[in-house]
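Trainee: I would like a close look at a single part of this model, the sheet around one pair of bridged residues. Please work outward from there to the rest of the chain.

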Amino acid sequence: MLENQQNIFLEKLILSTEQKEFVKLVLSKKRDKNSDLNKITVLPVQLKEGFRLSFVYNYQTKDITKNYTESEALDLIKTEIETRFLNADLFTVSENVQLFGNPKGNFGIKISEPLFKEIKPLSHDKLKKQWIATENNLYLRELGITNAAGEIRPGMHDKFRQINKYIEVVSGLIDENRFAENVKIADMGSGKGYLTFALYDFLSKNTKLKPVISGIEFRQDLVDFCNKTAQKAKFDKLDFVQGTIENSVFENINILIALHACDTATDDAIAKGIKSGASLIIVAPCCHKQIRKQFNVTNDLASVLKHGILKERQAELITDGIRALILEAHGYKTKVFEFISTEHTPKNVMIVAEKSDKNSNNAEILSKIKAIKNFFGIEYHYLENLLDIRHKI
Ligand SMILES: C[S@@+](CC[C@H](N)C(=O)[O-])C[C@H]1O[C@@H](n2cnc3c(N)ncnc32)[C@H](O)[C@@H]1O
């Protein structure tokens, strides 16, 4: 049963939504001190499917966002006020309404001048950015991206933008219905783990998946740091293993990721992904050296490739192009695209390969690779050796 003041508060809330004056609602002062849920913030949001109220559930170590229609949201808020929270702050464009209660069940209401003059529904994109919440985000703090107050530290905005963009891109690639709940993901050359942590965080909170993620990293200090941070964040199914990509032993990987693994380390990762039958392979190559060293162009293009920078770019293009073709020859559908603006990082090309049911015309693809190699005087692409197909092309 609601107290009189609680009812008055709810009437004001309903009126604010009917009159399109609702700006924001915050539920706080939890009744159960041991509860993991600290507060709920409700904001208007404009989604593709229409206007919704977005609930950000703020837990001790994470934020979870859920969107509801207006009528669902009003029912939920009523229940929350009745059962879990003693305080509620309603912000509308005409007034602020504060409901405050004590554990004995006495409630008061205070009305004050409006803090907000206009309503700014979040766009779908803004909402996505909230999926990696900065508030109470332990790993972002440990990684030095945020300060103790949960604000992005000076100089870390680009990194945070990159993390968000990565999640936006990868979330579009991981169709949660295609993977088993305990999808197994390997992140090869995980480094300090920025993207590994964000992916685990995002998938666990925003999809029905319960991912099992392993980062493979050569540097023991980074592995120790990441494992410690994963424990602190209570990311139970995220671990980091010291080792090289080429010698790592992983079976039944569903998704293989290798971002900015230098030179042929990307090929090692792709080969591991193909051999373990990964359904999705995502790589962002960098430091392409192997093919550049072999370039021996004697045709008309030689006059263009005499310029170092053009030779370098051409070698990158051919290296990644052949990678994509080799993946296609192994039954994958591929996409190559820029995943983040060069303003944030020059290492921005992503190769995505999705295992396809359709049979690819192997012989035709291999003959195309052969023609390209001949044109550029390339003896071999490192990935051919790893997959034992050199004798075929
Ligand atoms: C440029 S960092 C990228 C880190 C992370 N993937 C990212 O994109 O933020 C590359 C990392 O891969 C590791 N690495 C490079 N080659 C490797 C190999 N063959 N085996 C394991 N780790 C490797 C390096 O130690 C480094 O930490």
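Mentor: Start with Leu256, whose bridge partner in strand 12 is Ile281. The model is a predicted one. The pair belongs to the contact between strand 11 (residues 255-262) and strand 12 (residues 280-286), where 6 bridges join two strands that run parallel. In general, strands of a sheet pair through backbone hydrogen bonds, in a parallel or an antiparallel sense.

Strands 11 and 12 are part of an open sheet of 7 strands, and the order across this sheet is 10-9-8-11-12-14-13, with mixed pairing. Strand 10 (238-242) and strand 13 (332-338) each have a single partner strand, so these two edge strands have one side without a neighbour in the sheet. On average, neighbouring strands here are turned by 15 degrees against each other, direction ignored. Helix 11 (residues 308-329) packs on this sheet and touches strand 12, strand 13 and strand 14 (349-355). The direction of helix 11 makes about 155 degrees with that of strand 13.

Next, the ligand. It is surrounded by 14 residues, and the closest are Gly189, Glu217, Ile245, Leu259 and His260. An N or O atom in the side chain of Glu217 is 2.6 Å from an oxygen atom of the ligand. For Ile245, a backbone N or O atom lies 2.9 Å from a ligand nitrogen atom, while for Glu246 a polar side-chain atom lies 3.0 Å from a nitrogen atom of the ligand. The ligand taken alone exposes 600 Å², of which the protein buries 79%.

The domain assignment divides the chain into domain 1 (4-124) and domain 2 (129-392). Their centres, taken over C-alpha atoms, are 41 Å apart.

There is also another open sheet of 7 strands, in the order 4-3-2-1-5-6-7, and its pairing is antiparallel. At its edges stand strand 4 (63-68) and strand 7 (107-112), each with a single partner strand, so one side of each has no neighbour in the sheet. The twist from one strand to the next averages 15 degrees. Within this sheet, strand 5 (residues 85-92) and strand 6 (residues 96-101) pair in the antiparallel sense over 4 bridges, and Ala88 stands opposite Leu99 in strand 6. Helix 2 (residues 70-83) packs on the sheet, with strand 1 (22-30), strand 2 (37-47) and strand 3 (50-59) among the strands touched. The direction of helix 2 makes about 30 degrees with that of strand 3.

Conventions. Residues numbered from 1 in each chain as written. Predicted model: local features only at pLDDT ≥ 70, side-chain atom pairs only at ≥ 80, totals over all residues. Heavy atoms only, no water. Domains from an automatic or database assignment. Pairing = 2+ DSSP bridges. Axes fitted to C-alpha atoms, helices over the stretch in contact; angles between N-to-C directions. Contact = heavy atoms within 4.5 Å. Near = heavy atom within 4 Å. Polar contact = N/O pair within 3.5 Å; in protein donor to acceptor, adjacent residues only side chain to side chain. Areas by Shrake-Rupley, 256 points an atom, 1.4 Å probe, with all protein chains shown as cover.
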